[in-house]
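User: Hello! I would like to go through this protein with you, one question at a time. Could you start with whatever term I will need along the way?

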Amino acid sequence: VSTPGAGPRQYAQAAPPAQRPEIGRAATLVPFGTMSGSFVWRTPEAMQDGIALARANAPAIEVYPLVSCIAESGAKVTIVDHGEWDKHYVISVTDGPHVGCRGAVPNVNVKR
């Protein structure tokens, strides 16, 4: 049923998505808290598992197989991909002793 003289229905629009960094953009790794480096996890799934193990105080020997490298604070990286829900980035280290190391890092560890 339409009301005579009524215009087309108006719908609220969602806000545009937050600005995402461009794939291929240079960035810098920053450590979380008091850490002197950033864990670069082999995969996003390894990152989730590793963080859960660390929170459960699991022995390091259970966590290390999930880590691609531990990059130094300030390491230059290239953003390779975005994670779901903007919780992580897939990065590639482009300078320092861990050049070529690639994996997932929480977005709090990436300064754009």
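Analyst: Happy to! A residue is called exposed when its relative accessible area is over 50%, buried when it is under 20%, and partly exposed in between. Please keep in mind that this is a predicted model.

User: Thanks! With that in hand, is F32 buried or exposed?

Analyst: Let's place the residue before we classify it. F32 sits in the loop between β1 (26–29) and β2 (37–41). Its relative accessibility is 55%, and the cut-off is over 50%, so F32 counts as exposed.

User: Which residues make the nonpolar surface patch of about 300 Å²?

Analyst: We have already met one member, F32, in the loop between β1 and β2. M35 lies in the loop between β1 and β2 as well, and with 35% relative accessibility it counts as partly exposed. Together with one further residue they form the nonpolar patch, whose members are F32, M35 and V108.

User: How far apart are the C-alpha atoms of M35 and S73?

Analyst: Along the chain, 38 residues separate M35 and S73. In space, the distance between their C-alpha atoms is 8.6 Å.

User: Let's zoom out. In what order do the elements of the chain run from the N terminus on?

Analyst: The chain has two helices and seven strands to arrange. Reading from the N terminus, the order is β-β-α-α-β-β-β-β-β.

User: What share of the contacts with a separation of 6 or more comes from residues 24 or more positions apart?

Analyst: A contact here means heavy atoms within 4.5 Å. Among contacts in the chain with a separation of 6 or more, the part that comes from residues 24 or more positions apart is 60%.

User: What percentage of the residues in the chain is buried?

Analyst: The chain has 112 residues to sort. With buried meaning under 20% relative accessible area, the buried share comes to 31%.

User: Which residues form the disulfide, and what parts of the chain does the pair tie together?

Analyst: The structure holds one disulfide, formed by C69 and C101 with their sulfur atoms 2.0 Å apart. C69 belongs to strand β3 (residues 67–72), while C101 is in the loop between β5 (88–93) and β6 (102–106), so the pair ties together parts that are 32 residues apart in sequence. C69 is buried at 10% relative accessibility, and C101 is buried too, at 8%. The names you asked for are thus C69 in β3 and C101 in the loop between β5 and β6.

User: What is the handedness of the link between C69 and C101?

Analyst: The angle about the S-S bond is the value to look at, and here it is -100°. The link of C69 and C101 is left-handed.

User: There is an aromatic pair too. How are the rings of F39 and W41 arranged?

Analyst: This is the one aromatic pair in the structure. The ring centres of F39 and W41 are 5.2 Å apart and the planes meet at 20°, so the pair is stacked. On accessibility, F39 is partly exposed at 23%, whereas W41 is buried at 5%. In a word, the arrangement of F39 and W41 is stacked.

User: Finally, which residues is H88 in contact with, beyond its neighbours within four places in sequence?

Analyst: H88 is found in strand β5. With 11% relative accessibility, H88 counts as buried. Leaving aside those sequence neighbours, the contacts of H88 are P44, M47, H82, G83, A104, V105, P106 and N107.

Key:
Residues numbered from 1 in each chain as written. Predicted model: local features only at pLDDT ≥ 70, side-chain atom pairs only at ≥ 80, totals over all residues. Heavy atoms only, no water. Helix = DSSP H or I, 4+ residues; strand = E, 2+ residues; numbered from the N terminus. Buried < 20%, exposed > 50% of the residue type's maximum accessible area, 1.4 Å probe, protein only. Disulfide = S-S within 2.5 Å. Patch = residues over 30% accessible without salt bridge, like charges linked within 9 Å, V, L, I, M, F, W, Y side chains within 5 Å. Areas by Shrake-Rupley, 256 points an atom, 1.4 Å probe, with all protein chains shown as cover. Salt bridge = Lys/Arg side-chain N within 4 Å of Asp/Glu carboxyl O. Phe/Tyr/Trp six-rings, centres within 6.5 Å; stacked < 30°, edge-to-face > 60°.
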